[in-house]
Structures are given as structure tokens and as C-alpha cells.
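Biologist: Could you walk me through this one at the bench? I would like to look at the model together and ask as we go.

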Amino acid sequence: MPGGVKQRIRRKWRPPLALVIGGTLSAVLVLPVIAIGYFKVAGFILGWGETTLLIGTLAVVTTLLLAFLLWRLVLRPVYALTAHAKAVKDGRDDAPLPRHFGTPELTALGQAVLDMGSTLQDREAGLRAYTNHVTHELKSPLTSLIGATELLEDDTSPEDRAKLTETIRTSALKMQVLLDALRRLAKARDPLGHGPTQLSVALNKVEAGVALDLHHDRAVPLDPDALHAILTHLSQNAAAHGARQLKITGTENGFTVQDDGPGIAEGNRARIFEPFFTTRRATGGTGMGLAIVRTMLGAAGGDIALLPAKRGALFDITFD
């Protein structure tokens with residue numbers, strides 16, 4: 001699910017795949033040589049029949065042991081990975097991966113498939129949500145445009161035509177603002193540079209109408225432009241809601257951003273990262289700032305969460 005906790009494969013020591021394959025091939029090569037030598041020596045002591053039976057039993061036991069190891073370390077993880085990939089393809093989530101894989105190479109492959117599946121599901125869910133939001137948001141200005149156009153076709157006074165023309169202009173501008181915001185959101189999904197960049201470097205270029213107060217400077221895994229864009233969006237969002245100061249604090253896994261504004265109403269806390277959700281629609285707000293921030297962070301392997309705070313809004317930005 002978008003914004004949910006990503007699955008992680010538990011890492012447990014297992015022999016490398018090269019060792020598994022090399023050990024199997026060595027056993028196939030060495031065991032017959034050992035058997036021939038043992039057959040020549042033991043044949044005169046135990047008898048040819050008993051020696052043949054003993055060597056045959058050892059061969060069967062060794063084969064079964066190698067087969068079990070190959071199934072446990074190679075085949076079972078591949079089957080599980082295949083089932084999981086097919087489930088993701090069909091849009092299902094009923095084929096979870098095993099808790100660990102047989103070799104480090106397959107563990108890395110399994111985690112890569114998990115991350116890829118999560119990214120694809122997030123993008124599909126995001127695209128569906130954005131489509132629904134765009135349809136809803138464009139419906140109102142589009143209805144106004146159609147209505148004003150129909151009225152202009154009738155005989156109207158110059159005053160009415162001026163009002164209808166203004167309605168058309170206002171609706172068209174609103175649609176343009178929404179489409180521009182959607183374009184910025186789509187662009188935010190592009191892969192970002194990994195940096196690292198010091199918070200202080202990006203903050204020196206931020207101009208958002210609020211005082212910036214940096215505590216515990218640290219480097220984050222973003223390039224300067226991406227970090228600057230994220231901090232600018234957060235600063236502008238805080239200023240638009242009446243904040244005068246923004247406190248940025250470096251943490252072990254990222255950084256926090258806290259403003260001194262009125263805070264976020266309890267009923268809105270669960271929706272603030274939704275595209276087009278805004279409490280400032282009357283003053284031109286599009287509700288895309290925090291959605292763009294979350295999307296940009298997601299493209300860089302990060303996330304943003306709203307934390308409880310005694311004053312203002314407190315956002316926690318973390319990276320994997």
C-alpha cells in the first residue's frame with residue numbers, strides 16, 4: 001500500500017551461491033574417485049557384493065543430501081520468488097516471500113523484487129488516486145466553462161457578457177493551476193540524485209518568508225537541488241499557514257521540520273499528504289505541496305510523517 005511499511009527480508013547467514021554450486025560439482029567429481037579407490041581396497045576385505053552395496057548406499061545418501069541442500073538453498077527460494085512475482089502481476093498480495101533465502105545472492109534478489117513490487121504498486125495506486133482527484137477537481141471549473149459558453153450563445157447584455165467572460169477566464173486559470181500542480185507532482189516521481197548534501201548548504205538558498213533555525217546539521221542522501229526543493233515546499237507551506245519560524249533538526253535517520261504556526265486540525269491530519277487536499281482553496285491553495293514532498297522523498301528511498309507536537313506542525317523525514 002502506498003505509504004505503508006516496506007517488507008524487509010530477514011538476513012540470516014547462508015553459504016554463498018558460488019560455494020553451493022562449487023561444493024556440489026566437487027562432490028560429483030570427487031565421490032566417484034573415492035568410491036573407485038575404496039572399492040579396490042575394501043573389495044578384498046568385505047567382499048565385492050558387500051562393498052558394492054556399501055558404496056551404493058553412500059552414493060544414494062550423498063545424492064539425497066545434495067538434493068535437499070539444493071532444494072532448500074536454491075529451488076525453494078526461486079519457486080517462492082516466482083509465486084510472489086506472479087501475485088504482484090495479478091494485483092494480489094497473498095503470496096508473501098519466505099522470511100529468509102538460501103544464499104546471500106538470492107536474498108539480495110528477493111529484496112530487489114520486493115522493492116520493485118512495492119514501487120510498482122505504489123505507482124499504480126498513486127496513478128489511480130491522481131486520476132480520481134484530477135477528475136474531481138477539474139469538474140467544477142469545466143462545468144463553469146460550459147455554462148458560461150452556453151449563455152454567451154444567447155443574446156446577453158454587455159454587462160452579462162463581461163461577467164461570463166470573467167467566469168471563463170477564472171475557470172481557465174484555475175484549470176491551468178491544477179494542471180501545473182499535477183505536472184510538478186509527476187516530475188517529483190523522477191529519480192533524484194543521492195547526494196549526500198548538508199542541510200545547511202540547502203537552507204542557505206531557501207527563501208520562503210519564514211525564519212530558518214537549524215539545529216544539529218547533518219548530511220542527507222539527496223542532491224542539493226532535491227533537498228532545496230523539499231525544504232522550500234515545507235517552508236512555503238508553513239508560511240502560507242501563518243508560521244513565522246521553521247526549526248530544522250538533524251536526526252539519526254534524517255531530519256525533522258517544525259513550525260510555530262497554528263498546527264493541523266485533528267480531522268485533517270490523516271489527509272494532509274493527499275494530492276489536492278487543502279484548507280486554503282479560497283486563497284488559491286492547490287493542496288499539492290506536501291504531496292510533492294512525499295513523492296520526491298519516495299523516489300529517493302525516504303518518507304515523511306506528521307508527528308504529534310505541542311505547537312505548530314512537526315514533520316519527520318527519514319531515509320532507509
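**Strands, a helix and a core**

Modeller: Gladly! Strand β5 pairs with strand β7 (residues 314–319) in the antiparallel sense over 5 bridges. Do keep in mind that this is a predicted model.

Biologist: Which residue of β7 does Q258 stand opposite?

Modeller: Start from the pairing of β5 with β7, which is antiparallel. Within it, the residue of β7 standing opposite Q258 is L314.

Biologist: And β4 and β5, how many residues lie between them in the hairpin?

Modeller: Strand β4 (residues 245–250) also pairs with β5 in the antiparallel sense, over 5 bridges. One facing pair is T249 and T256, the latter in β5. The two strands form a hairpin, and the number of residues between them is 3.

Biologist: Why is strand β5 largely enclosed by the rest of the structure?

Modeller: Buried here means under 20% relative accessible area. Strand β5 covers residues 254–259, and it is largely enclosed because the buried ones number 5 of the 6.

Biologist: Which helix gives the largest share of the largest nonpolar core?

Modeller: That core has 39 residues, and L222, F255, F315 and I317 touch the most other members. The largest share of this core is 6 residues, and they come from helix α6 (residues 224–240).

Biologist: What length does α6 reach from its first C-alpha to its last?

Modeller: Helix α6 has buried residues that include L227, I230 and L234, and it is followed by G242, with a positive phi near 95°. With 17 residues, α6 is expected to span 24 Å at 1.5 Å a residue, and its reach is close to that: 24 Å.

Note on methods:
Residues numbered from 1 in each chain as written. Predicted model: local features only at pLDDT ≥ 70, side-chain atom pairs only at ≥ 80, totals over all residues. Heavy atoms only, no water. Core = buried A, V, L, I, M, F, W, Y, C linked by side-chain atoms within 4.5 Å. Buried < 20%, exposed > 50% of the residue type's maximum accessible area, 1.4 Å probe, protein only. Helix = DSSP H or I, 4+ residues; strand = E, 2+ residues; numbered from the N terminus. Pairing = 2+ DSSP bridges. Expected span 1.5 Å × (residues − 1).
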